[in-house]
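Biologist: Could you take me through one part of this protein up close, and then show me how it sits in the rest? I would enjoy a connected story rather than a list.

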Amino acid sequence: MNRLTGSDGAPAVAILGPQATRLVKELDGIFAGWGVTAGAEEISAPPLFPVTDLEKFDVYTNFPQLAWVAGSLDLNDDQHKPVEGKFGPGAVTEARYGLPHATCYGAYLFHEGDRVADDTLVTLVNRCFRNEDHYGGLRRLATFQMREIVALGTFDHTQQVIARFTERIQAFVGALGVDLGKVPAGDPFFRNDNGRALMQKLSPVKYEFQYGDLAIASVNTHRNFFGERCDIRLESGEHAYTSCVAFGLERWIAVLTEHFEEDLDAALAAVRAAAADPS
């Protein structure tokens, strides 16, 4: 059993129960293991970043509707108690930190100003935050965990990583008996850059793996957008290309809960068997 809470009664925040916690840890270990086996090094990122860092990625231009920002309480006017479940705008100081809506930002900021190998691979998990227009339990939360495997290097490397992990995802869900569709999805990262926007129209940059109408994983091509914004370069001096594979962990729990008719012990056994399946 999980507990849901949220402002004004919205089911926006989840406290996972013991069974779901075991399952989410198992899934995260499997996805992280895929990355490490492929040569990824694991890093740990914080759950918030300076606004100046996230601004480099056009977060507040392309995704303003999703953004959460954080400021400390203003103690000068004795307004440090919530009123009717919220703090008014005058009670909070300047918001200098932002809460990320994607995990991969930590990988690019970690390598900012670096020269990387042509076949660099990183994996990390983080809390993500999205100000959605509605919430729906584990299917759509204000904060959730996202595991990512991030490729930095040549364009060929980024595409090989996407192809490899697309096969891994499809084989894994096939072993689970879960029917996932692979569909192209919009990604507004590049809408402010005419060249990249044209490239997006010519070739989709994001594919989602959907269970019904719910995306639980995706593969994303960023070309050299993050390489340029963080000045990440290859040994050749060219800006690095990037791509990522993302897994929304709570959404996987939602899907497996439905698929295994709320028997999470059966889901956990099936996940372990599918991960061990040599095919």
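Between which strand and which helix does the loop with Pro100 lie?

Modeller: Happy to, and please keep in mind that this is a predicted model. Pro100 lies in the loop that runs between strand E6 (97-99) and helix H4 (105-110). Its relative accessibility is 1%, so Pro100 counts as buried, the cut-off for that label being under 20%.

What surrounds Pro100? Setting aside residues up to four places away in sequence, Pro100 touches Pro47, Leu48, Phe49 and Leu54, together with Tyr105, Arg127, Cys128 and Phe129. Another residue to look at here is Trp68: it is 32 residues from Pro100 in sequence, while the two C-alpha atoms are 7.7 Å apart in space.

Some of those partners lead us onward. Strand E8 covers residues 119-129, and Thr120 is found in it. Thr120 has 14% relative accessibility and therefore counts as buried. Leaving out neighbours within four places in sequence, the contacts of Thr120 are His111, Val150, Ala151, Leu152 and His157.

From E8 we can move to helix H1, since the buried residues of H1 pack against E8. The other elements they pack against are strand E9 (143-153), helix H5 (155-176), strand E14 (241-248), helix H8 (249-259) and helix H9 (264-276). The buried residues of H1 are Ala20, Leu23, Val24, Leu27, Asp28, Ile30, Phe31, Ala32, Trp34 and Gly35. A spacing of three or four is worth looking for in such a list, because an α-helix has 3.6 residues a turn and residues three or four places apart point the same way. The length of H1 can be checked too: its 20 residues (18-37) should span 28 Å at 1.5 Å a residue, and the end C-alpha atoms are 28 Å apart, which agrees. After H1 comes Gly39, with a positive phi near 110°.

Helix H5 allows a similar check. It has 22 residues and reaches 32 Å from its first C-alpha to its last, close to the 32 Å expected at 1.5 Å a residue. Buried in H5 are His157, Thr158, Val161, Ile162, Phe165, Thr166, Ile169, Phe172, Val173 and Leu176. His157 is also one of the contacts of Thr120, which ties H5 back to the strand we came from. Gln159 lies in H5 as well, but at 27% relative accessibility it counts as partly exposed. The C-alpha atoms of Gln159 and Cys244 are separated by 9.6 Å, although the two residues are 85 apart along the chain. Following H5 is Gly177, whose phi is positive, near 80°.

Helix H8 is another of the elements that the buried residues of H1 pack against. Its own buried residues are Leu249, Glu250, Trp252, Ile253, Ala254, Val255 and Leu256. Just after H8, Glu261 takes a positive phi of about 50°.

While we are on backbone angles, two further residues deserve a look. Asp58 is not a glycine, yet its phi is positive at about 60°. Asp58 sits in the loop between helix H2 (51-55) and helix H3 (59-62), and with 15% relative accessibility it counts as buried. Arg223, also a residue other than glycine, has a positive phi near 55°. Its place is in strand E12 (residues 214-223), and its relative accessible area of 23% makes Arg223 partly exposed.

Now let us step back to the whole protein, which has 9 helices and 14 strands. For 279 residues, a compact globule would have a radius of gyration near 19 Å; the protein has 20 Å, which agrees. Along the principal axes, the C-alpha atoms fill a box of roughly 60 × 50 × 30 Å. Buried residues, Pro100 among them, make up 47% of the 279. Among contacts with a separation of 6 or more, 72% join residues 24 or more positions apart. The accessible surface comes to about 13900 Å², and 50% of it belongs to carbon and sulfur atoms. As for charge, there are 25 positive and 38 negative charges, and their mean positions are 1 Å apart.

Notes:
Residues are numbered from 1 along each chain as its sequence is written. This is a predicted model: local features need pLDDT of at least 70, side-chain atom pairs count only at pLDDT 80 or more; totals for chains, interfaces and linings use all residues. Side-chain values use heavy atoms; hydrogens and water are left out. Helices (H or I, at least four residues) and strands (E, at least two) are DSSP runs, numbered from the N terminus. Buried means under 20% relative accessible area, exposed over 50%, partly exposed in between (1.4 Å probe, protein chains only). Contact means heavy atoms within 4.5 Å. The radius of gyration is taken over C-alpha atoms; the globule rule is 2.2 Å times the number of residues to the power 0.38. Accessible areas come from the Shrake-Rupley method with a 1.4 Å probe; for residues, only the protein chains shown count as cover. Lys and Arg count as positive and Asp and Glu as negative; His and the chain ends are not counted. The place of a charge is taken as NZ of Lys, CZ of Arg, CG of Asp or CD of Glu. The expected span of a helix is 1.5 Å times one less than its number of residues.
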